[in-house]
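Q: Hi! Could you walk me through how the chains meet in this one?
A: Happy to, let's pull it up.

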Amino acid sequence: MPALDTTIAALSIAGVVVFAAAGALTASRKQMDPVGFILIAALTAFGGGTTRDVLLGAPVFWLRTPELVALAAGVALLVFFTAHLAERRFVWLLWADAVGLGIFAVLGADAALREGASPWAAILLGVITATFGGVIRDVVCDEIPLILRKEIYATAAAFGAGAFMTLHALGVERVAALGIGAALGFGLRAAAILRGWSLPTYRARPGRDYPER
Amino acid sequence: MPALDTTIAALSIAGVVVFAAAGALTASRKQMDPVGFILIAALTAFGGGTTRDVLLGAPVFWLRTPELVALAAGVALLVFFTAHLAERRFVWLLWADAVGLGIFAVLGADAALREGASPWAAILLGVITATFGGVIRDVVCDEIPLILRKEIYATAAAFGAGAFMTLHALGVERVAALGIGAALGFGLRAAAILRGWSLPTYRARPGRDYPER
Amino acid sequence: MPALDTTIAALSIAGVVVFAAAGALTASRKQMDPVGFILIAALTAFGGGTTRDVLLGAPVFWLRTPELVALAAGVALLVFFTAHLAERRFVWLLWADAVGLGIFAVLGADAALREGASPWAAILLGVITATFGGVIRDVVCDEIPLILRKEIYATAAAFGAGAFMTLHALGVERVAALGIGAALGFGLRAAAILRGWSLPTYRARPGRDYPER
């Protein structure tokens, strides 16, 4: 199935590029040096897939694809030299992250299926693949994780991965199911960014700060 | 040994329920949406055991037990719809976390022993199993980790796991050793919550904030 | 090659001692109890190497070397009882961390090479081995990761690991390459501490806090 392999390779490259860019933009918010840009870009681009591979007991994908590591490093350096041109870096960060979220949700679910995971586990691993890179990025950079913001985020990853799994179960061709799932996940997150869409959140009252320490 | 299997299954279920509840209560402090509740509940309930399995090179347990994942998701949704009924959610969180701490300390040590770990490694892996889910929960949710509070916490997990290992080495039946170890670990943590028990802490002076950045 | 084994064992012991001390000093800044000191010391000393082993799919090294775990615990307790003697604990922390950074960068790259990693992956895994223990320490302890400070940090680890790989590729004996690489990595970090050396950092403007949440 060369069409499938090509699709997966293209999606992987696109996902690494946008997540590396999101990581580098976070590094720019912290005024890091070029090595810091590369490190945070790599953590963002490879953190989610690495977690998935470790959970599945599969070989970590980027150790076998040095080109992807070089690509992430190149994107990081490009952002280092050009980020000042952007008017609002945080908005670029949000959109790069959203594209990666949609792509890695379906790629993660697909990889889990290939390793023999059950359908529910595949959706969960899709969500993990899509969100953990960003969580690691924000935790290491001492930023508030995007996943904690009230707009739809993990839900979009679950929606995209779920759509892919449903289409695949219905017999839709894998290439099409991957593309549609990624587009739907991205679309839901895009609506959340543009229109502030959110699910009903728990509202009784926020937690107070921890009492005496 | 069906009695042993039943005991382990019952302890696992109880541990997942209370840790999922603790995770969901943390999500409620952050006013997350239902998918956020499920994600944080799952991270809390499965984070420690997953770390243990990865360190041991064993298959990750929850990929083979979808019922436990469904259970954690169900508890998360139940908390989403009922947490406002609680007068003081943080107190519920502390107690749910304490029960899980006691249970997962002995389950973690027991699982490590079965994988051939040395006694000392088994105690350490018990502490990791009991505490890492909570640490991941608090780090992702941007809360101060319970492990940093001055009351006894990791010490209770070490005490419970150590008691289980000692009883087991003395020839006490595994079922009894598991139950007693879990009760002792929980009991020590309960005393720490109720009476503010703590070990002597380092008191010279706290660290100042980092100098110039 | 007994000389090589001796060198690696000696470097490992030295690295565990200084990283355990750096972890315990961080625990002292947080006024933790002795079990907390041991836990944070172990996380710091073993976090980086554990991440490397998990990524490589290799057995986690400290499960087979209980002496190293005991050593880290002993250092933690020693720091618990003596840290108040130090005039400026944060400075001791910085220097202990710097020594460990140099050592673990070359040990990590060397271990990756033995597991069959490519040269580029070996350098990256060296950087991960050298920096992740400290990152985990700072994230769990709610400190600002050293890696985020503007002075050269990850860059020093990359420099040391790269020097080791270059010397090794040029045919220099492994023992010498390890020692020189560790010394160069430490030296660069030492210059960064003493003279505030830093690479040009991204300076357009820092990120603003996240907008409305």
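Q: How many residues of chain C are in contact with chain A?
A: In this predicted model, 32 residues of chain C are in contact with 35 residues of chain A, contact being heavy atoms within 4.5 Å.

Q: And what area is buried there?
A: About 3,100 Å² is buried between chain C and chain A, with carbon and sulfur atoms giving 65% of that. Buried area is the accessible area (1.4 Å probe) that two parts lose on being put together, summed over both.

Q: Which helices of chain C supply residues to that side?
A: Helix 2 (34-56), helix 5 (119-140) and helix 6 (154-169) of chain C each supply at least two residues of the side touching chain A. Helices here are DSSP runs (H or I, at least four residues), numbered from the N terminus.

Q: Which one gives the most?
A: Helix 5 of chain C, with 8 residues on the side that touches chain A.

Q: How many salt bridges between chain C and chain A?
A: The count is 0, taking a salt bridge as a side-chain nitrogen of Lys or Arg within 4 Å of a carboxyl oxygen of Asp or Glu.

Q: Switching topic: what turn lays chain B on chain A?
A: A turn of 120°, with a shift of 0.0 Å along the axis, gives an RMSD of 0.0 Å; the copies are superposed by least squares on C-alpha atoms of residues with pLDDT of at least 70 in both. That is the relation of a three-fold axis.

Q: Any ground rules on the numbering?
A: Residues are numbered from 1 along each chain as its sequence is written, and chains are lettered from A in the order in which they are written.

Notes:
This is a predicted model: local features need pLDDT of at least 70, side-chain atom pairs count only at pLDDT 80 or more; totals for chains, interfaces and linings use all residues. Side-chain values use heavy atoms; hydrogens and water are left out.
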